[in-house]
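Here is a walk through one protein model. Keep the sequence and the 3D view side by side as you read.

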Amino acid sequence: MTDQAVDTGGVRLSAHERTRDHFLGRTRELKELRADIERAGLDTLSGRKAPRARVLLIAGRPGSGRTALAEELVRQIEDRYPDGVLRARLSEPDGTPVPVGRTARELLAALELPAPAGAADDDLTEALRTALADRRALLLLDDAAGAEQVDALLPEAPDCLVVAVSSGPLTGIADVRPCTLGGLDTKSAVELLTRYTGSVRITVDPRSAESLVEACQGHPTALVLAGGWLAARPKAAVSDLAKRLHTAADDGPDGTPLPRVFRHVLGDLPGPAARLLRLLSLAPTGLLDPHTASALAGCSVSAARAGLDEFVALGLLRAVDSPLPQYDVPGCLHPLLRACAESQERPAELQLARARMLERTVRLLQSCRAITETDSPQAREKLGAMPRELRFPNPRAAADWLRIRRAALLASARLAVADGELDNLARRLMSQLVRAMVAHEGTQAAAADLYEVHSLVLDVAERRGLAREQAAALLNLGDVDAQTGRTADALARYRSALAAGRRANDPYAIGRAMESVGGAYQELADHDRATDWFGRALAERLARGEREQAARLYGRIATAHTYAGRYGEALRNWRAAVAGYRRGGDVAGHARALSELARVQEYAGRFEESLRTCHEAVEWARRADDVRLQAALQLRLADTLEHLGDPAAARLHRAAAGRMLGKEGSEDETSPKPDSDACEIRSASSED
């Protein structure tokens, strides 16, 4: 893989670049920032304890070294904050602000704290502030688009410190003094060039080096690009480059020399390399790997990786510290690359490159999921038909890839949906993403990401009028809402899913939605509406001859009647459930239904009947080999016998239950627990 990257003087340089491994310059700025930490704030001067964390602001144009300075400051002071350093980037490479809820969720995950799937932004930011209230932590918030982003994440803990990086002032946050960055001092700028060119070329012509620094205005990223260009051309004179940059066209609208230097470096690249570089602006979140670059440019993976490594040496990309080869497009170069792509590539070519990238991602996700299905001959055959570079050697490698590329995969889905012209590819991508996450992580662990993907599925389904997929997405979203306690929201989702299912004439969606509506009403303790909706779902199942599902619904109706205290109706429906399971040959279901029937008989005071039903249920549980249910029935037998005045027999049954549970528990310790939760996503493509 590519060497780890480190920050130097406002730019990120890879560790293999000889001795380029320490921070340059900014001595005055660092001193001011450290002094500002100790400075008494307005609250302290007025005699009040600071209610929130102190905010240090590092302001500067992209590429001015603002992030590198923030990282160096964090490195110097992090030992003062025993609860660690939290990092977040608040803008996408194209300048789009990242929603504060997404940032708060990522920070909570870094703290190893739960964040409910689908929770509102305000709830997530409040949870983050609560988590940091009693901690002494350091937050680095990079590339803040505005004060509202930082304010929403600001801990209400005076022992915490926030280092924010932005292009301008954070108006609205009290007691913040920006540390504004300009260019590097001449000595540091020359040393930065020396790391690329070597000392000889600078020593023999120091005036030309200073002239080059002047042409770059001490701008760190411009200097890196100039140094990379010189390093790739050992025979080129520093003076020649300085003259060419001095006589080049004017700087960009922001007054920095970066566009001028970038155009010079790009103009000297071979045609295929220049095209690959331009197309990298299409990479989601600016984070890419050789597969992404290969798909964008339509070249081999090995050729793409060689090109990416060359761009790293030129300072055009940063190598990411990762177990897999990954690269990052610097945020300051992203708008320049995008402008070049839009001006030099036809719109159809850009759209084709996006489509190739999404198609490659779909195939990688297919391979990632198929490697887990080792028992399926069809999956093995499909996996074997894939090109070698798309196959994973084992499930662990596939899971690692999915985890490392998670942010880029989710960003791919968001961008595909936002594009609006690649909806079929977007649907396939989201379908495979859900299946891969469920296969490797399970629905509970991946709930937050799945909620976002299902929301995107819903957006596409509504835009395209795909009622069947709309119903499936609404059901999935409603299930997550219900699991996280947002029952009213879940009820609204289920009702919308029912309407969509009816438009699509989808019997599965209609029946599932009706039953889910009933379950939501039951959770809301509206047992009359719950039994009504369960009854409607039951009628649908009976009409289609689905006996097993009908038996289960009889049980749900009986449960609702039990909660409402209508034991007669509950007993009638449990008997119907018992009969349904018996006719269907479901031994385990038969045993459980008998157990619940005995429970209701006990509630109704029919202890003799409950005793007989319990004995029958024990026999069926034994046939089903359900030890836990047998133990529960032994305990119910004990309770019933006590009501009937036989405490000695009750003690025997309790002892038997204890022995069963002890044996079952020892077996469970060595048995894996399968994830029984289901997660569905509908796709029009049967090939996926």
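Start at the largest cavity. It is lined by 13 residues, and those nearest its centre are Asp289, Thr292, Thr361, Arg405 and Leu409. Bear in mind that this is a predicted model. The volume of the largest cavity is about 110 Å³. In total, the structure holds 2 cavities of 30 Å³ or more.

Which elements build the lining of the largest cavity? Those that give two or more residues to it are α14 (290-297), α17 (347-370) and α20 (406-419). Helix α17 supplies the largest share, with 4 residues. By type, the lining of the largest cavity splits into 6 nonpolar, 4 polar and 3 charged residues.

Now follow α14 away from the cavity. Is this helix enclosed or open? Its 8 residues tell the story. Under 20% relative accessible area counts as buried. By that cut-off 8 of the 8 residues of α14 are buried, so the helix is largely enclosed by the rest of the structure. Pick them out in the view: Pro290, His291, Thr292, Ala293, Ser294, Ala295, Leu296 and Ala297. Thr292 thus appears twice, as a buried residue of α14 and as one of the residues nearest the centre of the largest cavity. What do the buried residues of α14 pack against? Their partners are α13 (271-279), β8, α15 (301-313), β10 and α17. Helix α17 is also a contributor to the lining of the largest cavity. After α14 comes Gly298, which has a positive phi, near 70°.

Two of the packing partners of α14 are strands, β8 and β10. They belong to an open sheet of 3 strands, ordered β8-β10-β9, with antiparallel pairing. Strands β8 (287-288) and β9 (318-319) stand at the edges, and each has a single partner strand, so one side of each lacks a neighbour in the sheet. Look at the pairing of β9 with β10 (residues 327-328). The two run antiparallel, joined by 2 bridges. Arg318 has Asp328 of β10 as its bridge partner.

Next, turn to another group of strands. Begin with β5 (residues 138-144). This strand is mostly covered, with 7 of its 7 residues buried. Which strands pair with β5? Strand β4 (residues 85-89) runs parallel to β5 and is joined to it by 5 bridges. Here Arg89 stands opposite Asp142 of β5. Strand β6 (residues 161-166) is also parallel to β5, again through 5 bridges. Two pairs mark this pairing: Leu138 stands opposite Leu161 of β6, and Ala144 stands opposite Ser166 of β6.

How does the chain get from β5 to β6? Helix α6 (residues 147-153) joins the two strands in a right-handed β-α-β unit.

Finish with β6. In this strand 6 of the 6 residues are buried, so β6 is largely enclosed by the rest of the structure. In a regular strand, side chains alternate between the two faces of the sheet. Both faces of β6 are covered. On one side the buried residues are Leu161, Val163 and Val165, and on the other they are Val162, Ala164 and Ser166. Strand β6 also pairs with β3 (residues 54-59), in parallel, over 6 bridges. In that pairing Leu56 stands opposite Val163 of β6.

Definitions and conventions. Residues are numbered from 1 along each chain as its sequence is written. This is a predicted model: local features need pLDDT of at least 70, side-chain atom pairs count only at pLDDT 80 or more; totals for chains, interfaces and linings use all residues. Side-chain values use heavy atoms; hydrogens and water are left out. Buried means under 20% relative accessible area, exposed over 50%, partly exposed in between (1.4 Å probe, protein chains only). Two strands pair if DSSP finds at least two bridges between them. A crossover is right-handed if, with the strands pointing away from the viewer, the path from the first strand over the helix to the second runs clockwise. On a 1 Å grid over the protein atoms alone, a cavity is a set of points where a 1.4 Å probe fits but cannot get out, and a pocket is an open set with protein on both sides within 12 Å along at least five of seven lines; lining residues have an atom within 4 Å of a point. Grid points are joined across faces, edges and corners, and a volume is the space filled by probe spheres set on the points. Ala, Val, Leu, Ile, Met, Phe, Trp, Tyr, Cys and Pro count as nonpolar, Asp, Glu, Lys and Arg as charged, and the others, Gly among them, as polar. Contact means heavy atoms within 4.5 Å.
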